[in-house]
Amino acid sequence: MSSDLVWQIVRNNNSFLVKRNGIQLSREKNNLRNVNSYKYSGLANAKSVGVQAGAKGVVLTKRSRRHARKPAKSFPAMPLTGTFRQNAKVIKSETSGKHYRPDLEKAALARMTRVAESLKPVKAINKRPKNRANRKK
């Protein structure tokens, strides 16, 4: 089926659609902005890009056209274990460098930034004593 026909079928009703406060969001895989639109849809587009958190860091997924009829193999995962700049370079080369989906490059980089920030360990905060009179001198 064509991407346009699939989008016409799933745009108003699908299991990933979340409608709240007049906004339509989507929880589908490979939707970089979680917005219910044709551009970012991981269901309707033949080529889609996704960035999620993995066990060892950020994971980049692209839809494989070669395994279109095998859902388990249709989204090969590419773990990004390098530094932040190296991961950004990989995302740029995989999206616009290989002419896959250059329009999703900025969204993929923004998503990678948010995922990488969430994976950083939280630093312990040294709290000041509540009563300064009881403080050790």
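**Notes on the cavity, the core and a few loop residues**

1. Let me start with the cavity. The residues lining the largest one are Asn30, Leu32, Lys39, Tyr40, Ser41, Asn45, Lys47, Ser48, Val49, Arg101 and Leu104. Keep in mind that this is a predicted model. The volume of that largest cavity is about 30 Å³, and a search of the whole structure turns up 1 cavity of 30 Å³ or more. As background, rolling a probe the size of a water molecule over the atoms shows where empty space is left.

2. Ser41 is one of the lining residues, and you will find it in the loop between β2 (23-26) and β3. Is Ser41 buried or exposed? Its relative accessibility is 2%, so Ser41 counts as buried, the cut-off for that being under 20%. Setting aside neighbours within four places in sequence, Ser41 touches Trp7, Glu28, Asn31 and Ser48. Of these partners, Ser48 also appears in the cavity lining.

3. Arg101 is another lining residue, this time from the loop between α2 and α3. Arg101 has a relative accessible area of 11% and is therefore buried. What does Arg101 contact, once neighbours within four places in sequence are left aside? The partners are Lys39, Asn45, Lys47, Ser48, Val49 and Thr95. Among them, Lys39, Asn45, Lys47, Ser48 and Val49 line the cavity too.

4. Have a look at Lys62 while you are there. Arg101 and Lys62 are separated by 39 residues in sequence, and their C-alpha atoms are 9.8 Å apart in space. The charged end of Lys62 sits over the ring of Tyr100, at 4.5 Å from the ring centre. As for ring-on-ring pairs, the count for the model is 1 aromatic pair.

5. Two asparagines deserve a check of the backbone. Most residues other than glycine have a negative phi. Asn30, which helps line the cavity, has a positive phi near 65°, and Asn34 has a positive phi of about 55°. Both are placed in the loop between β2 and β3. How accessible is Asn30? With a relative accessible area of 5%, Asn30 is buried. Asn34 has a value of 29%, so Asn34 is partly exposed, falling between the cut-offs of 20% and 50%.

6. Now the nonpolar core. The largest one holds 17 residues, and Val51, Val58, Ile91 and Met112 have the most contacts inside it. Which elements supply at least two residues each? They are β3 (49-53), β4 (58-62), α2 (84-97) and α3 (105-119). The largest share, 6 residues, comes from α3.

7. Val58 is a good place to centre the view on that core. Not counting neighbours within four places in sequence, Val58 is in contact with Val51, Gln52, Met78, Pro79, Leu80, Met112, Val115, Ala116 and Leu119. Two of these partners, Val51 and Met112, are also listed with Val58 among the residues with the most contacts inside the core.

8. Finally, the N-terminal helix. Leu5 belongs to α1 (residues 3-10). Leu5 is partly exposed, as its relative accessible area is 42%. Leu5 and Ala44 lie 39 residues apart in sequence, with a C-alpha to C-alpha distance of 8.2 Å.

Notes. Residues numbered from 1 in each chain as written. Predicted model: local features only at pLDDT ≥ 70, side-chain atom pairs only at ≥ 80, totals over all residues. Heavy atoms only, no water. Phe/Tyr/Trp six-rings, centres within 6.5 Å; stacked < 30°, edge-to-face > 60°. Lys NZ or Arg CZ within 6 Å of the ring centre and 35° of its normal. Core = buried A, V, L, I, M, F, W, Y, C linked by side-chain atoms within 4.5 Å. Buried < 20%, exposed > 50% of the residue type's maximum accessible area, 1.4 Å probe, protein only. Helix = DSSP H or I, 4+ residues; strand = E, 2+ residues; numbered from the N terminus. Contact = heavy atoms within 4.5 Å. 1 Å grid on protein atoms, 1.4 Å probe; cavity = no way out; pocket = protein on both sides within 12 Å on 5 of 7 lines; lining within 4 Å. Points joined across faces, edges and corners; volume = space filled by probe spheres on them.
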